[in-house]
Amino acid sequence: MPKPTKLILVTAEHHPQHKLWVKLVEEVSREKNLDKEIRKEDYILITEHGDTDDLGMPWLPQLFVELENGNIKLLLSRLPLNDNLQPDINEAKKTILTKLETYHK
């Protein structure tokens with residue numbers, strides 16, 4: 001199975017959770033020793049590889065992984081919420097790391 005080579009965050013600076021997503025991708029890229037790329041409002045990438053609503057409209061931010069064979073896979077499209085309905089970065093990181101591990105088998 002091809003291994004992960006790069007994390008790709010597609011975001012928008014005006015999004016209220018932008019800084020949380022950037023922090024998340026920086027932590028995971030450092031921990032897993034992966035390159036990272038932050039793209040601004042790349043709706044083509046999200047439409048082709050990410051989550052969309054029932055009308056086919058994509059949303060931001062979304063996090064992807066590029067594999068060594070060039071394939072791009074979605075890692076996270078929404079931050080999980082804690083009991084207080086606030087973004088749970090630790091749970092998001094756990095979800096991402098679990099998905100990344102499936103590509104190392």
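In this predicted model, strands β3 and β4 form a hairpin, with 4 residues between the two strands. Within the turn of this hairpin, Gly70 has a positive phi of about 95°. The pairing of β3 with β4 is antiparallel and extends over 4 bridges. Two of the facing positions can be picked out by eye: Leu63 stands opposite Leu76 of β4, and Phe64 stands opposite Leu74 of β4.

Strand β3 also has a partner in β1. Here, 6 bridges connect β1 (residues 4-11) with β3 (residues 62-67), and the two strands run antiparallel. Phe64, already met opposite Leu74 in β4, is the bridge partner of Ile8. Gln62 of β3 is likewise the bridge partner of Val10. How enclosed is β3 by the rest of the structure? Of its 6 residues, 5 are buried, so the strand is largely enclosed by the rest of the structure.

These pairings belong to an open sheet of 4 strands, arranged in the order β2-β1-β3-β4 with mixed pairing. The edges are formed by β2 (35-40) and β4 (72-76), each of which pairs on one side only. From one strand to the next, the twist averages 30°. The hairpin described above therefore brings together β3, with 5 of its 6 residues buried, and the edge strand β4.

Two helices can next be placed against the sheet. Helix α1 lies across β1, β2, β3 and β4, and its direction is at about 175° to that of β1. Helix α3 lies across β1, β3 and β4, running at about 150° to β4. Strand β2 is thus listed among the strands crossed by α1, while the strands listed for α3 are β1, β3 and β4.

The two helices also pack against each other. The axes of α1 (residues 18-32) and α3 (residues 89-102) are 11 Å apart and meet at an angle of about 45°, which makes α1 oblique to α3. The crossing is right-handed. On the α1 side, the contact is made by Leu20, Leu24, Glu27, Val28, Glu31 and Lys32; on the α3 side, by Ile89, Ala92, Lys93, Ile96, Leu97, Leu100 and Glu101. In character, the residues of this contact divide into 8 nonpolar and 5 charged, with no polar ones.

One of the charged residues in this contact deserves a closer look. Is Lys93, a residue of helix α3, buried or exposed? With a relative accessible area of 18%, Lys93 is buried, because the cut-off for burial is under 20%. Setting aside neighbours within four places in sequence, Lys93 is in contact with Leu24, Glu27, Val28 and Glu31. These four partners are also listed among the α1 residues that make the contact with α3.

Terms used: Residues numbered from 1 in each chain as written. Predicted model: local features only at pLDDT ≥ 70, side-chain atom pairs only at ≥ 80, totals over all residues. Heavy atoms only, no water. Axes fitted to C-alpha atoms, helices over the stretch in contact; angles between N-to-C directions. Parallel < 35°, antiparallel > 145°, perpendicular 65-115°, else oblique. Left-handed = near helix turned anticlockwise from the far one by under 90°. Contact = heavy atoms within 4.5 Å. Nonpolar A, V, L, I, M, F, W, Y, C, P; charged D, E, K, R; others polar. Buried < 20%, exposed > 50% of the residue type's maximum accessible area, 1.4 Å probe, protein only. Pairing = 2+ DSSP bridges.
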